[in-house]
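Please walk through the model shown below, beginning with its loops and moving on to its cores and its pocket.

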Amino acid sequence: MRTARRYLALEIYRSTSVVVLALIGLFTFFTLVDELDSVGAKFPLSALFYLQALAIPTRLYDLLPIGLLIGSILALAGLAQRNELVILRVSGVSGLGLLGMLWAVSIPIILAALLLSEVITPMAEVKNSEANLLLRGRVEGGRLVSGYWFKEPTPNGGTRIINIGRLLSSGNVADLRVFEFPNGLELSMVSKAASGRFADGKLIMQDVTENIVAPQARNIMAEAGTTDLPLMSVEQIPERIVETTLSADRLVARILTPERMSLFALKDYVAYLDRNMLTADRQIVAIWRKLAYPFTLLVMITIAAPISFMQTRRGGVGAKVFLGILLGTGFFMINQLALNVGLLYKWPPVVTALLPNIGAMILALTAVLMMENRHALFRRSVLTLPWKKSPV
């Protein structure tokens, strides 16, 4: 069986590699064509190629499940067409035994996918964001028209809101605004800075303009009174240091899509959001989806089994591959639909992440068992026909 498993693994790895490379090349080509309008003097074609190269690990992460499904169907259908699966069945390998061999074959792919998910894709996404800042001067993820907004508590029990207008390619920030609310409700000061940087739990602001609201301003405005005293004073200082829980890594976490982050970065960002009483539902679901990603690969190769075990006379290799593409696309759409519906109706994160996978696994295993026992089911159905019953 070791020789058969090695041969099966070689066929699946070869077919999956070809399919994944084809899918990545196809999606990269379409993206290049779509982005050609942005090429100009400030953004040359070489920069576009560089950005697309940085996006390859992310595309591989997204396309690997579908690529594994189509590649497995292609490899197994080829074996069935050459009657090699029949030889395995005659040698004593049952349908469930063959499915177990497929699961064993998928283990190296799952380990490689974990490395891709936790190391390569997060690094590539950060590099891609930095390159977009350097070459295009913008990053789209999580940004409003007014920039990026963060809220955090202050040591004296108040609230601080930080607005970052722009991210710089050097890792620093620009167009800063810091709003101070000592008791959580009343604005006491607004600090504006041309630039800033994060270092050791501190936000160091440069060229700061402080607009300090007078303590009596609230009472005077509430009573609609008048006073000769100024309600606000303006001070110019070269530098201001703010103790903050925000860091450069957490700022990058705001930019990246949650599924593109590593589990460690996601847990740190969720803890930051919880401490600041901000919504972290999307990030918690992303943690469960990343934990379910290896299981998704196992589901894909399980779905491929019943399609490939079909007799060749019921459909050639092309028909099986087409059916695999339809199933893979349908699974991807259902997965995204479950994510959006789960966030909308506040489903538990584990249900949102695992429900499509569990449903697909149950259907695939049911199909394998039905094909394994199809002859017994056929005989039972024939014996229950009215004209097959013995006369009384």
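Asp200 has a relative accessible area of 76% in this predicted model, and because the cut-off for exposed is over 50%, Asp200 counts as exposed. Asp200 is found in the loop between strands S4 and S5. Its phi is near 55 degrees, a positive value in a residue other than glycine. Most residues other than glycine have a negative phi. A second case is Lys346, with phi near 60 degrees, also positive in a residue other than glycine. Lys346 sits in the loop between helices H10 and H11, and at a relative accessible area of 60% Lys346 is exposed.

These loops belong to a chain with 12 helices and 6 strands. Buried residues make up 42% of the 392 residues. The accessible surface of the chain comes to about 21,400 Å², and carbon and sulfur atoms account for 66% of that surface. Among contacts with a separation of 6 or more, 64% join residues 24 or more positions apart.

The strands on either side of Asp200 lead to the interior. Both S4 (189-199) and S5 (202-213) are among the elements that supply at least two residues each to the largest nonpolar core. That core has 30 residues, and Ile164, Leu167 and Met205 have the most contacts inside it. Strands S1 (148-153), S2 (159-167) and S3 (173-181) also supply at least two residues each, as do helices H7 (248-255), H8 (263-275) and H9. The largest share, 6 residues, comes from H8.

What does Ile164 touch, leaving aside its neighbours within four places in sequence? Its contacts include Tyr148, Phe150, Val173, Leu176, Phe198, Leu246 and Leu251. Ser146, Gly147, Ala174 and Asp175 are in contact with Ile164 as well. Leu251 is one of the buried residues of H7, together with Arg250, Ala253 and Ile255. The buried residues of H7 pack against H5, H8 and strands S1, S2, S3 and S4.

Apart from the largest core lies another, of 29 residues, among them Leu23, Leu68, Leu69 and Ile109. The residue after Ile109 in the numbering, Ile110, lies in helix H5 (residues 95-135). Ile110 has a relative accessible area of 16%; because buried means under 20%, Ile110 counts as buried. Beyond its neighbours within four places in sequence, Ile110 is in contact with Pro294, Leu297 and Leu298. The C-alpha atoms of Ile110 and Phe295 are separated by 8.5 Å, although the two residues are 185 residues apart along the chain.

Ser15, in helix H1, is another buried position, at 12% relative accessibility. Not counting residues up to four places away in sequence, Ser15 touches Gly71, Leu74 and Ala75.

The last feature is the largest pocket, with a volume of about 640 Å³. Of its 28 lining residues, Tyr61, Asp62, Pro65, Phe332 and Gln336 lie nearest its centre. The elements that give two or more residues to this lining are helices H1 (2-35), H3 (56-81), H9 (281-309), H10 (317-344) and H11 (349-372). By class, the lining has 15 nonpolar, 6 polar and 7 charged residues. Helix H9 thus appears in two places in this account: H9 gives two or more residues to the pocket lining and at least two to the largest nonpolar core.

Notes: Residues numbered from 1 in each chain as written. Predicted model: local features only at pLDDT ≥ 70, side-chain atom pairs only at ≥ 80, totals over all residues. Heavy atoms only, no water. 1 Å grid on protein atoms, 1.4 Å probe; cavity = no way out; pocket = protein on both sides within 12 Å on 5 of 7 lines; lining within 4 Å. Points joined across faces, edges and corners; volume = space filled by probe spheres on them. Helix = DSSP H or I, 4+ residues; strand = E, 2+ residues; numbered from the N terminus. Nonpolar A, V, L, I, M, F, W, Y, C, P; charged D, E, K, R; others polar. Buried < 20%, exposed > 50% of the residue type's maximum accessible area, 1.4 Å probe, protein only. Contact = heavy atoms within 4.5 Å. Areas by Shrake-Rupley, 256 points an atom, 1.4 Å probe, with all protein chains shown as cover. Core = buried A, V, L, I, M, F, W, Y, C linked by side-chain atoms within 4.5 Å.
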